[in-house]
Every structure is written in structure tokens, then in C-alpha cells.
Amino acid sequence: ADGGSTVVRVLDTTRPSLTSVSVDAVCHVGVDCGFFHYTFFPGDTVRIHIKARDNRSLAWIGYRMLQFGDSVASGAAADSASFQLILPPGTNAARAWIMFSAVDASGNPSATDYVWANVMDGTLRSTQSIADSEPPDGGSQNPYVLDPKRDVLYYERFTSYDWRLRAIALNPLSALPAIDFGAGHSLRGLDLTPEGGSLVVVSLGGPSLLLKVDIASGPSTADTIPLTSLGDCDAWNVQVAANDHAFVSGWSQAGCRVLVDVDLRTGNQQATPLPGSLQALTRSGDHRIIVAWDGARAAVYNSAVAEWGPVRTLFADGTWDPMSPYPALNDDGTAILVRNRLYDNDLTTYRSILPDPTSAPPIASLSADGQTTFVGSWPGYWRVDAATGTVTEKVILPRGPGIVIAHPDGQRLIVSDWRWVGVVDLR
């Protein structure tokens with residue numbers, strides 16, 4: 001009508017923005033706060049801070065973490081809010097993401113921002129640790145061996161041209177001089193001889209070589225055996241049985257697969273009748289039992305009779321991955337841990353001790369007596385009763401484990417991850 005006025009409503013579609021979000025770190029003695037910046041434990045107070053802005057006015061600012069959340073009302077164009085959350089007992093989540101958001105007076109939501117946090121319900125144990133720019137890693141070809149006589153961990157790094165074996169003394173924990181094999185060697189797997197006086201190392205070449213090295217005198221006096229029975233394969237892994245037979249698996253990108261038996265006393269060698277896919281080798285502490293496995297099938301070598309048992313299919317869904325964790329054995333080989341199953345020494349019977357981790361089999365180790373399993377579970381490990389499958393302890397490490405080795409003395413656990421090696425006191 002004449003003289004009237006027209007009201008034009010403008011729809012506000014501009015979303016508010018989060019201008020600043022932060023969470024205060026909570027540091028604990030024994031935990032690397034720089035590495036686990038947003039790792040919390042039950043009982044911790046999580047302090048959350050949010051700043052937001054809108055072109056007109058905000059309605060509320062809030063957060064969510066697991067099943068918890070809170071918000072505050074706001075009528076300002078720019079505002080901030082702080083929250084405190086005390087994590088209740090029993091809270092445990094590897095992905096406890098903290099989500100931040102705001103909504104304006106028109107109902108427009110902000111984009112959601114995140115902090116990638118985790119909450120660990122576990123304990124801290126006394127742990128010696130040293131920095132190591134090139135620590136041992138898990139999977140691969142079992143590139144380490146524990147020398148209980150000298151209390152030393154020997155390992156190599158599986159790089160293209162690495163001719164040095166690293167060594168770490170375990171008590172007190174300290175780095176030892178590397179064992180230098182000289183340029184031209186590219187080291188792969190390693191093991192000890194049964195009496196513990198020599199290291200047995202395989203090196204790439206044409207052909208690959210097996211080197212038996214007296215620990216006291218060093219590589220200059222090494223017995224060298226060309227691994228001609230590998231053919232066109234590269235040496236991959238080696239384990240030594242109690243009867244002084246070394247088994248060397250061969251591998252190549254072209255598909256070469258073979259397992260060779262080398263008599264360390266005579267140098268004689270021959271290919272075994274086992275399927276070449278059984279690349280992963282690991283042994284018992286006393287060297288009497290060796291397991292060859294490919295992610296689905298396995299066979300057991302018994303040095304008392306110098307024979308391989310039948311190849312048994314353990315997992316129908318398995319496909320061999322050279323970087324996947326290996327089986328673990330106790331000291332006398334009467335217990336063999338494969339994924340979540342604890343087998344007897346001929347792989348015919350087993351009991352399940354954990355849910356089957358088919359997507360990410362964990363690094364695991366068995367105690368010398370076979371009664372305890374140590375299962376790597378980032379950022380630490382679970383201590384599991386092997387008889388019942390009961391998790392008896394969840395331990396948080398300064399850094400998550402890439403390897404877990406139960407020391408035969410039953411009092412220590414050797415752990416390692418990126419740039420870090422540690423010894424956990426189990427007492």
C-alpha cells in the first residue's frame with residue numbers, strides 16, 4: 001500500500017569460524033610428553049580452550065570427547081570458552097579425538113576442528129631407555145638376536161648397503177661399538193650358535209654369503225660359506241638349530257622362494273623340501289625347535305631328530321607379508337605363539353588367548369617358561385596369562401613398541417621403537 005514499508009529479510013548463511021583451539025598437555029613421569037603430547041590417563045583433567053567468531057552473533061561454543069561433551073551459550077560476535085573434563089576410571093581409547101565446534105544465532109555450524117588424543121588405562125613400570133637413531137625394528141626378517149650369556153642385543157637395520165651390526169648392552173643399558181664387516185657386505189638376518197660363542201650372519205651378494213663370526217675375535221676371522229643353493233634368491237633370514245644346522249630363507253622381488261639347510265660344521269648345503277613361501281624363521285631359546293611360517297602355513301624343525309614336520313595350514317586368511325610379526329616361542333619350544341593362538345610344538349592343538357588381530361597382528365613375545373605372553377599394544381604392551389588368556393596388566397611405555405623381547409631371566413622386557421630402546425623391569 002501507498003506509504004507502507006517493505007521488510008526484506010536477509011538469510012544469514014555465513015558459517016562461524018573457530019579462530020583458536022587448544023588442549024593443555026598433561027605430562028607424566030616416565031612418558032615422553034613430546035611424543036605422547038595428547039596422551040591422557042584416567043584421573044587426568046583435560047583442559048580445553050576454544051575461540052570462535054561469527055559475522056553476526058554466536059549461539060554456543062562446545063566440544064565433544066568420547067561420550068563426554070559440553071557447551072556454553074554466547075550472544076557475542078566473538079567469544080571464547082574453556083572446559084575441564086576429569087576422565088573417569090576405566091576410560092581407555094586409542095582414538096579419543098577431541099572435537100571443537102560452534103553454532104551461530106542463525107543455526108549455521110562451524111567446520112569441526114580436532115585434536116588427535118588418546119586415553120590409556122594402564123600402568124607405568126620402571127624403564128631404562130636410551131636414544132638410538134637406528135634402533136632394531138619388528139617384522140622384517142627377525143633382524144636381531146639376544147645374547148643372554150653376555151646380556152647384549154645384536155641387531156642390524158636392513159638397509160640396502162649396511163655392513164655393521166649394532167650392539168647394545170642391557171645392564172647397564174648402553175650402546176656398544178658396532179661390529180664392522182666392511183664395505184661390500186649388505187647384512188640381513190642373524191643368529192647365535194647354540195653354545196653362544198659365535199654370530200651367524202647372512203649377507204647379500206652374488207652369491208649371498210653366510211658368515212660365522214667368533215664374537216671374541218670379530219669379523220676378520222669369519223668363516224665364510226657362499227650360499228650357492230639359494231640360486232638367484234637373496235638371503236633373507238637365518239636361524240641356527242641345536243645340531244649346528246643353519247636354515248637360510250631366500251627371497252627376491254622376482255618371486256624366488258627357497259629354504260636352504262647349511263651344516264655349519266662341514267659347509268655342506270642343500271635346499272629343503274619345504275615350500276619356498278615359508279620365509280619367516282624363528283627358534284626356541286635353546287635352539288632345539290625352529291618354526292618356518294608364511295602367514296597361513298607353518299612347519300616345525302626338531303633338531304633332536306633333524307627333521308621338518310609336516311606343513312600345516314593354521315590360518316585360511318593368511319597371506320605372507322615379509323614385514324609382519326613372526327611367531328614367538330618359549331625357551332624349550334613346547335609353546336608356539338602364532339597371532340592369537342598358542343600352539344603345542346607340533347602345531348596340532350592350540351588355545352586362543354586373545355581376539356584374533358587379523359588386520360594388524362601385534363608384536364608379541366613369550367616368557368622363557370611359556371606362562372606369560374607380552375603383546376605389543378600401542379603405546380605399550382599387555383601382559384597376558386598364557387593359560388587363561390587373561391590380561392593381567394596393561395603397561396604404558398615412554399614410546400610404543402616396535403619389538404618386544406622377553407629376557408630369559410624372567411625379570412626384564414626389551415622394547416624398541418623409533419629412535420628409542422628400553423628395558424622394562426618386570427619385577
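Rings of Phe, Tyr and Trp, the last by its six-membered ring, count as a pair if their centres lie within 6.5 Å. With that in hand, here are the close-up views of this predicted model.

**View 1. Trp 97, Tyr 114 and Trp 116 make up one aromatic cluster.** The view takes in this three-residue group of rings, Trp 97, Tyr 114 and Trp 116. Across the structure there are 10 aromatic pairs, and two of them get a view of their own below.

**View 2. An open sheet is built from four strands.** The strands follow the order S5-S4-S7-S8, and their pairing is antiparallel. At the edges are strand S5 (68-73) and strand S8 (113-115), each of which pairs on one side only. Neighbouring strands of the sheet are turned by 15 degrees against each other on average, direction ignored. If you look at the S7 and S8 end, strand S7 (residues 98-104) is joined to S8 by three bridges, and the two run antiparallel. Here you can find Phe 100 standing opposite Asp 113 of S8.

**View 3. Tyr 63 and Phe 83 form a tilted aromatic pair.** Their ring centres are 5.1 Å apart and their planes meet at 50 degrees; pairs between 30 and 60 degrees are classed as tilted, so this one is too. The pair links distant parts of the chain, with Tyr 63 in strand S4 (residues 58-65) and Phe 83 in strand S6 (residues 78-86), 20 residues apart. Tyr 63 has a relative accessible area of 7% and is buried; Phe 83, at 5% relative accessibility, is buried as well.

**View 4. Tyr 343 and Tyr 350 form another tilted pair.** The distance is 5.0 Å from centre to centre, with 45 degrees between the planes. Tyr 343 is buried, with a relative accessible area of 4%, whereas Tyr 350 is partly exposed at 41% relative accessibility.

**View 5. Ser 208 sits in a loop and is buried.** The loop in question runs between strand S17 (198-203) and strand S18 (209-214). Buried means under 20% relative accessible area, and Ser 208 has 1%, so the residue counts as buried. A polar atom of the Ser 208 side chain lies 3.1 Å from the backbone nitrogen of Ala 235. Leaving aside residues up to four places away in sequence, Ser 208 touches several others, among them Ser 203, Ile 225, Pro 226, Leu 227 and Cys 233.

**View 6. Arg 383 and Glu 393 meet in a salt bridge.** Side chains of opposite charge can pair when their charged atoms come close. In this pair the N to O distance is 3.7 Å. Arg 383 belongs to strand S35 (residues 380-385) and Glu 393 to strand S36 (residues 391-396), so the pair links distant parts of the chain, 10 residues apart. Both Arg 383 and Glu 393 are buried. Salt bridges with shared partners bring Arg 125 together with Arg 383 and Glu 393 in one network.

**View 7. Two further salt bridges, from a count of 10.** Arg 150 and Asp 147 meet through their side chains at 2.8 Å, N to O. Arg 150 is partly exposed, with a relative accessible area of 33%, while Asp 147 is buried at 1%. Arg 265 bridges to Asp 263, and the closest N and O atoms are 3.2 Å apart. Arg 265 is exposed at 56% relative accessibility, and its partner Asp 263 is buried at 12%.

Terms used:
Residues numbered from 1 in each chain as written. Predicted model: local features only at pLDDT ≥ 70, side-chain atom pairs only at ≥ 80, totals over all residues. Heavy atoms only, no water. Pairing = 2+ DSSP bridges. Axes fitted to C-alpha atoms, helices over the stretch in contact; angles between N-to-C directions. Buried < 20%, exposed > 50% of the residue type's maximum accessible area, 1.4 Å probe, protein only. Polar contact = N/O pair within 3.5 Å; in protein donor to acceptor, adjacent residues only side chain to side chain. Contact = heavy atoms within 4.5 Å. Salt bridge = Lys/Arg side-chain N within 4 Å of Asp/Glu carboxyl O.
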